[in-house]
Amino acid sequence: MAIATSTPVPWPAPTASGPVTSSVRLPGSKSMTARALVLAAVSTGTSTLRAPLRARDTELMAAGLRALGVHVSSRDDELWTVRARPLSGPASIDVGLAGTVMRFLPAVAALADGPVTFDGDPAARQRPMAPLITALRALGVDIASANGGLPLTVNGSGRVQGGEVTIDASASSQLVSGLLLAASEFDRGIVVRHDGPKVPSAPHLRMTTQMLRLAGAAVDDSTPNVWTVESGRLTGRAWNIEPDLSGAAPFLAAALVTGGEVTIADWPIGTTQPGDQLRELLTTMGGAATLTPEGLTLRGTGRIHGLTADLSEVGELTPVLAALAALADSPSRLTGIGHIRAHETDRLAALARELGRLGVQVHELADGLEIHPRPLTGSVFETYDDHRMAHAAAVIGLTVPGVNLTDVACTSKTLPQFPALWSAMVRGTAGGNG
Ligand SMILES: O=C(O)C1=C[C@@H](OP(=O)(O)O)[C@@H](O)[C@H](O)C1
Ligand SMILES: C=C(OP(=O)(O)O)C(=O)O
């Protein structure tokens, strides 16, 4: 599997001429796969990941750890094996456009002996790294970065002193997760205090602390905006990776758009994944959700209601929710998501521009979007190397003929099967032209 940036593949989004009825089995969570790999690398012994995500972001994470000397066997799609070994440089790590790789691996690299350079796609150089670099320096790590971001070099000495550090993590929760995941290996562990506007993506921080505890770390997150991880050895374990619930968003949205019924197999009963909030969000927008041990079923009526919501906990769901809002019977106001301007692309600007091109009236706010639905006409839809922009375009294309994505290959970041799964879902409808 190629990890390099893919060549753009233009894609006419398939329209559905009737309600879609489908059951979809999705690969593992990107966020859980990334954390399990990192925790395995700083644990003793062998770890396994059952049902991991194989996609560009997680392949890059595995490759980055291999570059540091960790043995990662990913030949078996169903079961990856990680054997921790002494971390060592020199190494060169390609982060692609993966926030998880660029934020989670520098602290791991600091535990290696020797220089480790990090760089990625051109857009990766725009993503916030400075607070993490400053925090790691305060913890005793030598990092060279010309401009406060990528490219950077971690000059590891084989150990990190650790201790107390203050960070403004309002740009990304990953800045905190990236400090915590390796901190049990620091001489003094870590105490991270956030000082600044609200940290987004709270569920992802809960995922970090929960998985750290499962790996055997002593973690205290009982005080808001303060996280403590004690120094101590973690032991390898077996991780069962849940299906990626954020990747489920466009498929569930298809039920709403077409008045159909979509089931996502093996939806976990109780999870830290932010995508679980789709049950409530899509119910507010007019769907009916039923959760059973077999999975989550979403039924739509074909009518979609506007949504007024603070999406700060679930920023990565914004593109698909904005696509639904564009097809709704009332306006929407999505707020609390200024930080997604620094995701794969400036998602607020990109959504305003591309939805606007289809005819939607969109007001861009500093921290969100106001969306006023209008009759839509098909058009080119630029995806900006952003998998979730492609998902949004596909959702609108179900009911608006002539939505032509400039590139669908960007979906390989988290779900390489997206075009095939999507077309199969649409083909399942009577008369769908997918
Ligand atoms: O830790 C993680 O796995 C993630 C945290 C979130 O990042 P932000 O806090 O930067 O939004 C989320 O958007 C991203 O897709 C995955
Ligand atoms: C923001 C996202 O990714 P990343 O992990 O690169 O931040 C995302 O997947 O929506």
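# Two domains and what sits between them

Hi everyone, let me start with one residue: Gln174 is part of helix H5, which runs over residues 174-180. Before I go further, please keep in mind that this is a predicted model.

Is Gln174 buried or exposed? Gln174 has 28 C-beta neighbours inside 10 Å, and since 20 or more make a residue buried, it counts as buried. If we set aside residues within four places in sequence, its contacts are Gly99, Thr100 and Arg103. Gln174 also turns up in UniProt, in an unreviewed entry, under the feature "binding site" together with Lys30, Gly99, Arg127, Arg347, Arg388 and Lys413. A "binding site" annotation in an unreviewed entry covers another set too: Lys30, Ser31, Arg35, Ser172, Ser173, Gln174, Ser201, Glu316 and His343. Both of those sets include Lys30 and Gln174.

Arg127 is worth a stop as well. You will find Arg127 in the loop between strand E8 (113-119) and helix H4 (130-138). Arg127 counts as buried because 22 C-beta neighbours lie inside 10 Å. Beyond its neighbours within four places in sequence, Arg127 is in contact with Gly99, Met102 and Ala342. So Gly99 is a contact of Arg127 and also a contact of Gln174.

Now let's step back to the whole chain. The domain assignment gives domain 1 (11-26 + 243-427) and domain 2 (30-240). How far apart are the centres of domain 1 and domain 2? Taken over C-alpha atoms, 29 Å separate them. The contact draws on 17 residues from domain 1 and 21 residues from domain 2. On the domain 1 side of that contact, there are four nonpolar, eight polar and five charged residues.

That brings me to the ligands. Where does ligand 1 lie? Domain 1 and domain 2 both contribute residues to its shell, so ligand 1 lies between them. The shell holds 14 residues, and the closest are Ser31, Ser172, Ser173, Ser201 and Glu316. Helix H1 (30-41), helix H3 (99-110) and our friend H5 are the elements that give two or more residues to this shell. By class, the shell around ligand 1 has two nonpolar, eleven polar and one charged residues.

Ligand 2 also lies between the domains, because domain 1 and domain 2 both give residues to its shell. Who surrounds ligand 2? The list is Ala98, Gly99, Thr100, Glu316, His343, Arg388 and Thr414. Sorted by class, that is one nonpolar, four polar and two charged residues.

You will have spotted Glu316 in both places: among the closest residues to ligand 1 and in the shell of ligand 2. Glu316 sits in the loop between strand E20 (308-310) and helix H9 (318-326). With 26 other C-beta atoms within 10 Å, Glu316 is buried. Apart from its neighbours within four places in sequence, Glu316 is in contact with Ser246, Pro274 and Arg388.

Ser201 has a nice backbone detail. Ser201 lies in the loop between strand E12 (190-194) and helix H6 (202-214), and its phi is near 55°, a positive value in a residue other than glycine. Most residues other than glycine have a negative phi, and most peptide bonds are trans. Ser201 is buried, given 23 C-beta neighbours inside 10 Å. Leaving out its neighbours within four places in sequence, Ser201 is in contact with Ser173, Pro274, Glu313 and Gly315.

Ala51 also has a positive phi, near 55°. Ala51 belongs to the loop between strand E4 (46-50) and helix H2 (56-67), and is buried, with 20 other C-beta atoms within 10 Å.

For the peptide bonds, have a look at two prolines. The bond from Gly89 to Pro90 is cis, with omega near -5°, and Pro90 sits in the loop between strand E6 (79-83) and strand E7 (91-94). The bond from Leu150 to Pro151 is cis as well, with omega near -5°; Pro151 is in the loop between strand E9 (142-145) and strand E10 (152-157).

Last stop: helix H12, residues 418-427. Its buried residues are Phe418, Pro419, Leu421, Trp422, Met425 and Val426. They span an arc of only 165° around the axis, so they fall on the same side of H12. An α-helix has 3.6 residues a turn, so residues three or four places apart point the same way. Among the elements that cover the buried residues of H12 are strand E1 (11-12), strand E2 (21-24), helix H7 (249-258) and helix H11 (387-397).

Thanks for listening!

Methods. Residues are numbered from 1 along each chain as its sequence is written. Chains are lettered from A and ligands numbered from 1 in the order in which they are written. This is a predicted model: local features need pLDDT of at least 70, side-chain atom pairs count only at pLDDT 80 or more; totals for chains, interfaces and linings use all residues. UniProt positions are given in the numbering used here, feature names are shortened, and annotations may be inferred rather than shown by experiment. Helices (H or I, at least four residues) and strands (E, at least two) are DSSP runs, numbered from the N terminus. A residue is buried if 20 or more other C-beta atoms lie within 10 Å of its own, exposed if 12 or fewer, and partly exposed in between; C-beta atoms are placed from the backbone. Two residues are in contact if their C-beta atoms, placed from the backbone, lie within 7 Å. Domain bounds come from an automatic or database domain assignment. Ala, Val, Leu, Ile, Met, Phe, Trp, Tyr, Cys and Pro count as nonpolar, Asp, Glu, Lys and Arg as charged, and the others, Gly among them, as polar. A residue is near a molecule or strand if its C-beta atom, placed from the backbone, lies within 6 Å of it. The arc is that of the directions from the helix axis to the C-beta atoms.
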